[in-house]
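Me: I'm new to this one and I'd like to know what the labels rest on. Can we go through it together?

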Amino acid sequence: ANPWGFFDMHGNVEEWVSDWYGNYNISDLIDPNGPAEGTEKVSRGGSWFTGQIDIRSAARYQYDDVLKGNQVGFRLALKKIN
């Protein structure tokens, strides 16, 4: 598990995130926020199609928000309640 308790977070597909693509303050290293609106959404990480250098959460790409394909998707997460 990584420091947050997640397993198997790298590879398979690039993951859509909720941010619009744009510049953000690079000194804000923990969960940087993109602009409030835009024309393209962000995906992070690599996929089965990308090289190993891009299979990391810091890898960031922009796509039209209606993109469909076999290398971009999303990951479901479940919060365990004790």
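Me: Let's start with V42. What is its bridge partner in β3?

Reply: That would be Q62. Keep in mind that we're looking at a predicted model.

Me: And what makes β2 and β3 count as paired strands?

Reply: Pairing takes at least two bridges between the strands. β2 and β3 are joined by five, so they pass. The two run antiparallel.

Me: What about β1 and β2, how do you know that they pair?

Reply: Same kind of check: at least two bridges are needed, and β1 (residues 14-20) has three with β2, so the pair qualifies. Their sense is antiparallel. One example of a bridge here links E15 to R44 in β2.

Me: Where does that leave the sheet as a whole, and why are some strands called edge strands?

Reply: The sheet is open, its four strands come in the order β3-β2-β1-β4, and the pairing is mixed. The edge strands are β3 (60-64) and β4 (72-73), and each of them pairs on one side only.

Me: What makes you say β2 is largely enclosed by the rest of the structure?

Reply: Buried means under 20% relative accessible area. Four of the five residues of β2 meet that, so the strand is largely enclosed.

Me: Why is N33 called exposed, then?

Reply: The cut-off for exposed is over 50%. N33 has a relative accessible area of 54%, so it gets the label. You'll find N33 in the loop between β1 and β2. Its C-alpha is 9.5 Å from that of S18, and the two residues are 15 apart in sequence.

Me: Back to R44 in β2 (residues 40-44). How do you know that R44 has no salt bridge?

Reply: A salt bridge needs the charged atoms within 4 Å. For R44, the nearest side chain of opposite charge is D19, 5.0 Å away, so there isn't one, even though R44 is buried.

Me: Which residues is R44 in contact with, leaving aside its neighbours within four places in sequence?

Reply: Among them are E14, E15, V17, Y24 and P32, and also S57, A58, A59 and R60.

Me: Last one: which element has the highest mean pLDDT, and which the lowest?

Reply: β2 has the highest at 89, and β4 the lowest at 84. The chain averages 80, with 91% of the residues scoring at least 70.

How values were computed: Residues numbered from 1 in each chain as written. Heavy atoms only, no water. Buried < 20%, exposed > 50% of the residue type's maximum accessible area, 1.4 Å probe, protein only. Lys, Arg positive; Asp, Glu negative; His and termini not counted. Contact = heavy atoms within 4.5 Å. pLDDT = per-residue confidence, 0-100.
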